[in-house]
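Student: Could we go through this protein together, with the sequence and the 3D structure in view?

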Amino acid sequence: MPLLIGPVLTAGTLTRRPQPTLPADGGLLLRPWRAEDAPAVYEVFQDPVMHQWHARTADSEAEAAGWIRDWHRAWEEEREAQWAVVDAGSGALLGRVALREMRLDDGTAEVAYWTVPEARGRGVAARATTALTHWALDEVGFHRLELLHAVRNAASCRVAARTGFALEGTKRSSALQPDGWHDMHLHARVRGD
């Protein structure tokens, strides 16, 4: 059955070139993950705050290395785009920002992020999200980006608001976390916002 509309983004939109390194305000860089980042990723996932808002943990550096390989494969398959957020001067890992659940045909994706404990409260997630959003909407041509966070996660709600993601509503009992079901805020930005 023929479609009445074409895809917003065609297959190959992302993979016709290598995953870019993106500058962000305040001396940050978003760069593709490297194998040598595995120890730092493992360390972050030992943090109790990560356990509060994420459904997974890392049992070993080898497991974190496997995640990095999976993130590279997800870029090649245009399913996800994951970046390490680093200090441009020192190269120290400060966090992660990502486009998940990418649907090129529809031009949609979900923004996700986390920061290392030492970087929290310094605007790292907001600056990285701003850079990623600009790239995805203005340079690549995505139409809509969504951002979901647990209603009780006030820090993530502040990041969403600071980066122009409008609150669209609450998805009741939408995400299972280690402590039970969470209501999730749904925020979004569309191209031209």
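Student: What area does the protein expose, and what percentage of it do carbon and sulfur atoms supply?
Tutor: This is a predicted model, in which local features need pLDDT of at least 70 and side-chain atom pairs count only at pLDDT 80 or more, while totals for chains, interfaces and linings use all residues. Residues are numbered from 1 along each chain as its sequence is written, and side-chain values use heavy atoms, with hydrogens and water left out. By the Shrake-Rupley method with a 1.4 Å probe, the protein exposes about 10000 Å², and the share supplied by carbon and sulfur atoms is 52%.

Student: What percentage of the residues count as buried?
Tutor: A residue is called buried if its relative accessible area is under 20%, with a 1.4 Å probe and protein chains only. Of the 193 residues of the protein, the part that counts as buried is 47%.

Student: Which residues of helix 3 are buried?
Tutor: Helices are DSSP runs of H or I with at least four residues, numbered from the N terminus. In helix 3 the buried residues are Ala-64, Ala-65, Gly-66, Trp-67, Ile-68, Trp-71, Ala-74 and Trp-75.

Student: Which elements do those buried residues pack against?
Tutor: Packing here rests on contact, meaning heavy atoms within 4.5 Å, and strands are DSSP runs of E with at least two residues. The buried residues of helix 3 pack against helix 1 (38-44), strand 3 (81-87) and helix 4 (124-140).

Student: How many helices and strands are there in the protein?
Tutor: From the N terminus on, the elements run β-β-α-α-α-β-β-β-α-β-α-β-β. The protein thus has 5 helices and 8 strands.

How values were computed:
Buried < 20%, exposed > 50% of the residue type's maximum accessible area, 1.4 Å probe, protein only.
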